[in-house]
Amino acid sequence: MAGLLAGLLCGLAAVQAQPVPQAASEQALKAVLLFKLPLFIYEPPLERAESLLLCQLGRSGLEDALAQLQRSIADGRTISVRYLDDAALAASCDMVFVGSSERPRLDALLPLLATRPQVTVSDIEGFARAGGMVELVVRTEGKGIDIVINRRAARERGVTFSAQLLRLARTVED
């Protein structure tokens, strides 16, 4: 697992080293985190799957970065991306990234998504405290992304995270 963590960190460093505008590198970094996250999740459907379906609900600004990574291989598994406008269509998704456009509906979306076994991720401020599983937070100094994990929300859906990820992340219990 240490090798996986080193690979994640190397991938993140490579994204940050690219000479692109700050906003673009921030989005690319979030996209890489989304694609690497399954390597650090223990959840039966994700562990056994030969391919993973990452769904983006709403719009987030990650679309270009996700398109560049589409069909990437993570830990020997292909990751595909699907864009959704309705949470009811997320039933077949392994992971759901809730875009910032969904902030006004977050209180209604999270209970709906909580009925399914998929991992929920967002960069909406307060997402983890509101009941989402993983929140990606831009550091206040603007250099990098912090991860916030809601362990209770994950536990209720049978999801656990590797110790390496938990050491890097902040955790909350909503």
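Visitor: Contact means heavy atoms within 4.5 Å. Of the contacts in the protein with a separation of 6 or more, what percentage do residues 24 or more positions apart account for?

Guide: The model in question is predicted. Its secondary structure comprises eight helices and 10 strands. Among contacts with a separation of 6 or more, the share from residues 24 or more positions apart is 60%.

Visitor: Which element of the protein has the lowest mean pLDDT?

Guide: For the protein as a whole, the mean pLDDT is 80, with 78% of residues at 70 or more. Among the elements, helix H6 (residues 127-130) has the highest mean, 96. Over residues 1-21 the pLDDT is below 50, although this stretch has 27 contacts in the model beyond near neighbours in sequence. The lowest mean, 41, belongs to helix H1 (residues 2-17).

Visitor: What percentage of the 174 residues in the protein is buried?

Guide: A residue counts as buried when its relative accessible area is under 20%. By that criterion, the buried part of the 174 residues is 50%.

Visitor: Which helix gives the most to the largest nonpolar core?

Guide: This core has 33 residues, and Leu54, Val121, Val134 and Phe161 touch the most other members. Five residues of the core come from one helix, the greatest contributor, namely helix H2 (residues 22-36).

Visitor: How many residues does the second, separate core have?

Guide: The second core includes Leu53, Cys55, Leu57 and Val98. Its number of residues is 15.

Visitor: How much of the area that the protein exposes do carbon and sulfur atoms supply?

Guide: The protein exposes about 8,400 Å². Of this area, carbon and sulfur atoms supply 53%.

Note on methods. Residues are numbered from 1 along each chain as its sequence is written. This is a predicted model: local features need pLDDT of at least 70, side-chain atom pairs count only at pLDDT 80 or more; totals for chains, interfaces and linings use all residues. Side-chain values use heavy atoms; hydrogens and water are left out. A nonpolar core is a set of buried Ala, Val, Leu, Ile, Met, Phe, Trp, Tyr and Cys residues joined through side-chain atoms within 4.5 Å. Buried means under 20% relative accessible area, exposed over 50%, partly exposed in between (1.4 Å probe, protein chains only). Helices (H or I, at least four residues) and strands (E, at least two) are DSSP runs, numbered from the N terminus. pLDDT is the predictor's confidence in each residue, from 0 to 100. Accessible areas come from the Shrake-Rupley method with a 1.4 Å probe; for residues, only the protein chains shown count as cover.
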